[in-house]
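Visitor: I have a structure here that I would like to go through with you. Could we take it topic by topic?

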Amino acid sequence: MPNINQRVATSLEKFSQKGGEKVSNYVNAAGKALIAPMIIMHNPFTKEDEESRKWAAVKQPVEAVITIAMQLATLGLLYKGIDKLISKGKINFKYVEEATKDVSKIPQKIMEACNNDVPKALKMYKEQYNDIFKDRVGAVLSAATYIPVLAVSNKIYPKLAKKLVNNKNESKPSK
Amino acid sequence: MKVNLLNKITNSELVNKHIKKAITDDTFAAKTLVTINVAKDVFAYGARFKTTMNNKEIPEERRPFVAAMDLMSGIVTAAMQIGVGYSLANPKFQNKIWDKCFKNCQFKDVVAAKKGFSQILALIGSTVLAERILVPLIATPAAEVVEKKFFPHPIKKLHTNPSFISFADFEKDIANNKNLNTFV
């Protein structure tokens, strides 16, 4: 029977290799779409009326879905573009270049992980540099996408909220 | 031109030092991930607050609470994510959990796995636990307070008053110093 911890352990390796920005966006969107509306609607510490809370709650999943769709599309293109530049040799980091000439500059941690195999360590060092660079550029792009995301969600969300609030009012017996 | 700019970035001491530290120091990598998330959120919530306040498609009586919710979520998110995310990025705390869960597991690359674990722990803690559970829990009553204090909207209270038409009328009344007692 496969060990669940072993599966998680393998996923952790993959997560580290693939970079955090994409996963960070998935986790963020899932939390926003599924958890936040429930907390807003069933918060015991507020006396705000149900309709206002409904308006605030509906906003969360609408924004989450539009955000993740936009970020996946733009980040996919960005990562492809950066990968292309890397494969053409147009992105070269100073510290990686220095480590290529002088292997003592490869961090000890990477050498240990590669059992002191220099070509393997150099490859890993370069890949990690590229991955973190992609992550940072991706983070800037993710922030930039909020502007169009908000523009779209501000159009869609009030319509959806109106529908949901009206349905609720219609189904309530009048006092 | 573009490649020249790219070369400047990839050769800059600041960028290289930052990336090297993120590779060699797992705690720094995890804290950076949390900090980036906070920065993105502060920007996003600020923009959300502004656009919500100006969104005419949201009914006037709902707009103040929705906007106050955006504002308070932004403020509480930043504080909470830094607090929870940084605590979870603590190496001692992480080592304890790591030993409990993965002591007997096989790894092709234990360094990468530990790094991934460190990042995902900080991320789940700061984005799911803090941002999506604790933040709405705190921000909802906080938004209620902010709404009442800074965006008092009479429409909700005077919903039954047929003479009251819009928020703009209320603003005019305030400017003319009329009917103020009605709204207290």
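Visitor: How many residues does each chain, A and B, bring to the contact?
Guide: This is a predicted model. In it, chain A brings 66 residues to the contact and chain B brings 69 residues.

Visitor: What area do chain A and chain B bury between them?
Guide: The two chains bury about 6100 Å² between them, and 63% of that area is on carbon and sulfur atoms.

Visitor: And how many salt bridges and polar contacts are there between chain A and chain B?
Guide: Eight salt bridges are found across the interface of chain A and chain B. For polar contacts between these chains, the count is 26 residue pairs, with both residues at pLDDT 80 or more.

Visitor: Which elements of chain A give two or more residues to the side that touches chain B?
Guide: They are α1 (4-18), α2 (20-41), α3 (50-87), α4 (94-101), α5 (108-113) and α6 (118-171) of chain A. Helix α6 of chain A gives the most, with 19 residues.

Visitor: How do the residues on that side of chain A divide into nonpolar, polar and charged?
Guide: On the side of chain A that touches chain B, 33 residues are nonpolar, 15 are polar and 18 are charged.

Visitor: Let us turn to single salt bridges. What does B:R48 form a salt bridge with?
Guide: The partner of B:R48 is A:E63, and their closest N and O atoms are 2.8 Å apart. This pair crosses between chains, with B:R48 in helix α3 of chain B and A:E63 in helix α3 of chain A.

Visitor: Are B:R48 and A:E63 buried or exposed?
Guide: B:R48 counts as buried at 5% relative accessibility, and A:E63 counts as buried at 1%. The cut-off for buried is under 20% relative accessible area.

Visitor: Which residues are linked with them in a network of salt bridges?
Guide: The network links A:K59, A:E63, B:R48 and B:D70.

Visitor: What about B:R62, which side chain does it meet in a salt bridge?
Guide: The side chain of B:R62 meets that of A:E51, at 2.8 Å from N to O. B:R62 lies in the loop between α3 and α4 (63-88) of chain B, whereas A:E51 lies in helix α3 of chain A, so this pair joins two chains. B:R62 counts as buried at 9% relative accessibility, while A:E51 counts as partly exposed at 23%.

Visitor: And A:K159, is that residue buried or exposed?
Guide: A:K159 is exposed, with a relative accessible area of 52%. Its side chain meets that of B:E57 in a salt bridge, at 4.0 Å from N to O. B:E57 counts as partly exposed, at 26% relative accessibility.

Visitor: How many salt bridges does the structure hold over all chains?
Guide: Over all chains there are 13 salt bridges.

Visitor: Another acidic residue, then. Where does B:D41 lie?
Guide: B:D41 lies in helix α3 (residues 26-53) of chain B. With a relative accessible area of 4%, B:D41 is buried. Leaving aside neighbours within four places in sequence, B:D41 is in contact with A:N28, A:Y146, B:T77, B:Q81 and B:E131.

Visitor: Changing topic, how many aromatic pairs are there over all chains?
Guide: The count comes to five aromatic pairs. One of them is A:F93 with A:F133, an edge-to-face pair at 5.3 Å centre to centre with 70° between the planes. This pair links distant parts of the chain: A:F93 is in the loop between α3 and α4 of chain A and A:F133 is in helix α6, 40 residues apart. Both A:F93 and A:F133 are buried.

Visitor: Which residues form one aromatic cluster with those two?
Guide: The cluster is formed by A:F93, A:Y125, A:Y129 and A:F133.

Visitor: Why is the pair of B:W98 and B:F102 called tilted?
Guide: The ring planes of B:W98 and B:F102 are at 55°, so the pair is tilted, and the ring centres are 5.0 Å apart. These residues are four apart in helix α5 (residues 91-102) of chain B, and therefore separated by about one helical turn. Both B:W98 and B:F102 are buried.

Visitor: Finally, how many helices and strands does chain B have?
Guide: Chain B has eight helices and zero strands. Of the 184 residues in chain B, buried residues make up 49%.

Conventions
Residues are numbered from 1 along each chain as its sequence is written. Chains are lettered from A and ligands numbered from 1 in the order in which they are written. Side-chain values use heavy atoms; hydrogens and water are left out. Contact means heavy atoms within 4.5 Å. Buried area is the accessible area (1.4 Å probe) that two parts lose on being put together, summed over both. A polar contact is a pair of N or O atoms within 3.5 Å; within protein, one must be able to donate a hydrogen and the other to accept it, and residues adjacent in sequence count only if both atoms are side-chain atoms. Ala, Val, Leu, Ile, Met, Phe, Trp, Tyr, Cys and Pro count as nonpolar, Asp, Glu, Lys and Arg as charged, and the others, Gly among them, as polar. Rings of Phe, Tyr and Trp (its six-membered ring) pair if their centres lie within 6.5 Å; planes under 30 degrees apart count as stacked, over 60 as edge-to-face and the rest as tilted. Buried means under 20% relative accessible area, exposed over 50%, partly exposed in between (1.4 Å probe, protein chains only).
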